[in-house]
Amino acid sequence: MPAKQIVFWRHGQTAQNLAGRIQGSTDNPLNDTGLAQAQHVAPHLQNLGITKVYCSDLIRARQTAQAFLDLTQLQLQIDPRLRERSYGLWEGLTAAEISASWPSEYQYWRNGNTPVSVGVEERLTVARRVTKCVEDALAASSDDDVILFVAHGGSIVNGIMGLLGMNPDQWTGLHGLDNCHWALLEARPLQNPRWRLCSYNRTVSDTDSLSHFWR
């Protein structure tokens with residue numbers, strides 16, 4: 001199988017993350033904390049031997065990826081299939097605001113379902129587009145490559161479940177990655193599924209001097 005490992009890295013914090021507002025496909029930049037998170041984590045990812053970098057087209061992901069690219073000679077490949085799950089009418093709102101205006105749809109969502117009536121993108125749709133992005137990247141890779149995908153909480157968790165052969169519309173046991181945390185998958189040629197999830201929601205040591213960013 002092309003590429004021996006793939007790494008998913010969620011973008012750093014934004015003002016909307018801090019305020020508890022759903023971003024979805026809205027194009028928001030990192031705040032100062034998010035920029036510091038990306039710059040702090042990037043050297044740790046460099047130690048993984050990453051050889052290729054793919055990124056969502058949304059600015060918060062591109063700013064996060066740039067912190068890694070500044071340490072390497074690698075080129076960034078933008079792919080909109082990695083962008084965050086769309087939340088339709090709910091983008092920019094808090095959970096309390098959604099619950100107040102759409103009580104039945106909100107409860108349906110909290111029960112693990114997709115309220116398509118307000119424009120929320122189905123998890124399986126997200127999984128399929130992210131998986132296709134990964135498959136195309138693998139087709140252009142070699143056996144020794146380690147590929148980094150810089151994306152978002154929703155696109156990453158659903159993409160990973162798709163790569164593991166799971167339907168995220170039917171099973172929602174994985175929580176989205178926290179800001180600037182990463183996950184690593186290892187290739188398993190000729191096995192089912194073809195990937196093993198080796199680490200998830202990983203970050204630097206809690207004893208690090210900047211660990212307060214994740215509290």
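Visitor: How many bridges join β5 to β6?
Guide: Five bridges join β5 (182–187) to β6, and the two run antiparallel. Strands here are DSSP runs of E, at least two residues, numbered from the N terminus, as helices are (H or I, at least four). In β6, R202 is the bridge partner of W182.

Visitor: Is this predicted or not, and what are the cut-offs and numbering?
Guide: The model is predicted: local features need pLDDT of at least 70, side-chain atom pairs count only at pLDDT 80 or more, and totals for chains, interfaces and linings use all residues. Residues are numbered from 1 along each chain as its sequence is written, and side-chain values use heavy atoms, with hydrogens and water left out.

Visitor: What's the strand order in the sheet?
Guide: The six strands form an open sheet, β3-β2-β4-β1-β5-β6, with mixed pairing; a pair needs at least two DSSP bridges.

Visitor: Which strands stand at the edges?
Guide: β3 (76–78) and β6 (195–202); each has a single partner strand, so one side of each lacks a neighbour in the sheet.

Visitor: Switching to helices. At what angle do α6 and α7 cross?
Guide: Roughly 75°, with the axes of α6 (123–139) and α7 (153–163) coming within 7 Å. Axes are lines fitted to C-alpha atoms, for helices over the stretch in contact (heavy atoms within 4.5 Å), and angles run from 0 to 180 degrees between N-to-C directions. That makes α6 roughly perpendicular to α7 (65 to 115 degrees).

Visitor: Which residues of α6 make the contact?
Guide: R123, V126, A127, V130, T131 and V134.

Visitor: And what lies over the face of W109?
Guide: R110, at 4.8 Å from the ring centre; the criterion is NZ of Lys or CZ of Arg within 6 Å of the centre and within 35 degrees of the ring normal.

How values were computed
Parallel < 35°, antiparallel > 145°, perpendicular 65-115°, else oblique.
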